[in-house]
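Me: I would like to go through this model one question at a time, with the reasoning set out before each result. Please start with the cysteines.

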Amino acid sequence: MSDLTPTSSSPGLHVSKPSPSEPATASAVCHCGASATAKGDAQVGALVAGWNTNHGSAHSRGGAA
């Protein structure tokens with residue numbers, strides 16, 4: 001399997017939760033230059049919510065940069 005970690009040349013959001021007993025982890029890199037990482041289910045949920053509101057496809061809908 002290829003590395004799914006987002007980079008500046010391949011922006012995106014990657015979330016992983018290997019098993020129900022392990023915490024989720026996430027990393028995000030936006031084409032606008034913003035980046036973030038999170039560990040733990042609540043923090044990953046917050047990162048995903050922020051990504052959906054402010055980055056990714058939100059840019060094309062007029063979301064924040």
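Me: In this predicted model, how far is the sulfur of Cys30 from the closest cysteine sulfur, and in which residue is that sulfur?
Reply: A disulfide requires two cysteine sulfur atoms within 2.5 Å, and the sulfur of Cys30 lies too far from its closest counterpart for a bond. That counterpart belongs to Cys32, and the separation is 3.6 Å, so the residue asked for is Cys32.

Me: How many disulfides does the count come to?
Reply: Seen from Cys32, the closest cysteine sulfur is that of Cys30 at 3.6 Å, which is too far for a bond. With the cut-off for a disulfide set at 2.5 Å, the count of disulfides comes to 0.

Me: Is Cys30 buried or exposed, and what is the state of Cys32?
Reply: The relative accessibility of Cys30 is 4%, and because buried means under 20%, Cys30 counts as buried. For Cys32 the relative accessible area is 36%, which makes Cys32 partly exposed.

Me: Which element gives the most residues to the largest nonpolar core?
Reply: In soluble globular proteins, nonpolar side chains tend to be buried together. Here the largest such core has 8 residues, namely Ala24, Ala26, Ala28, Cys30, Ala38, Val44, Leu47 and Trp51. Two elements, strand 2 and helix 1, each give two or more residues to this core, and the one that gives the most, with 3 residues, is helix 1.

Me: Which residues does Ala38 contact, leaving aside its neighbours within four places in sequence?
Reply: Ala38 is itself a member of the largest nonpolar core. With those sequence neighbours within four places left aside, the contacts of Ala38 are Ala24, Thr25, Ala26, Gln43, Val44 and Leu47.

Me: What is the strand order of the open sheet?
Reply: Strands of a sheet pair through backbone hydrogen bonds, either parallel or antiparallel. In this sheet of 3 strands the pairing is antiparallel, and the edge positions are held by strand 1 (12–16) and strand 3 (35–39), each of which pairs on one side only. From one strand to the next the twist averages 5°, and the strand order is 1-2-3.

Me: What is the phi of Gly33 in the turn between strand 2 and strand 3?
Reply: Strand 2, residues 25–29, pairs with strand 3 in the antiparallel sense over 5 bridges, with Val29 standing opposite Ser35 and Ala28 opposite Ala36. These two strands form a hairpin with 5 residues between them, and in its turn Gly33 has a positive phi of about 105°.

Me: Is Ser27 buried or exposed?
Reply: Ser27 has its place in strand 2, and its contacts, apart from neighbours within four places in sequence, are Thr5, Pro6, Gly12, Leu13, His14, Ala36 and Thr37. Its relative accessibility is 14%, and since the limit for this class is under 20%, Ser27 counts as buried.

Me: At about what angle does helix 1 run to strand 3?
Reply: Helix 1 comprises residues 41–54 and lies across strand 1, strand 2 and strand 3. Relative to strand 3, helix 1 runs at about 155°.

Me: How many residues apart in sequence are the parts that Lys17 and Asp41 tie together?
Reply: The count comes to 1 salt bridge, formed by Lys17 with Asp41, whose closest N and O atoms are 3.1 Å apart. Lys17 lies in the loop between strand 1 and strand 2, whereas Asp41 lies in helix 1, so the parts tied together by the pair are apart in sequence by 24 residues.

Technical notes:
Residues are numbered from 1 along each chain as its sequence is written. This is a predicted model: local features need pLDDT of at least 70, side-chain atom pairs count only at pLDDT 80 or more; totals for chains, interfaces and linings use all residues. Side-chain values use heavy atoms; hydrogens and water are left out. Two strands pair if DSSP finds at least two bridges between them. Helices (H or I, at least four residues) and strands (E, at least two) are DSSP runs, numbered from the N terminus. Axes are lines fitted to C-alpha atoms, for helices over the stretch in contact, and angles run from 0 to 180 degrees between N-to-C directions. Contact means heavy atoms within 4.5 Å. A salt bridge is a side-chain nitrogen of Lys or Arg within 4 Å of a carboxyl oxygen of Asp or Glu. A nonpolar core is a set of buried Ala, Val, Leu, Ile, Met, Phe, Trp, Tyr and Cys residues joined through side-chain atoms within 4.5 Å. Buried means under 20% relative accessible area, exposed over 50%, partly exposed in between (1.4 Å probe, protein chains only).
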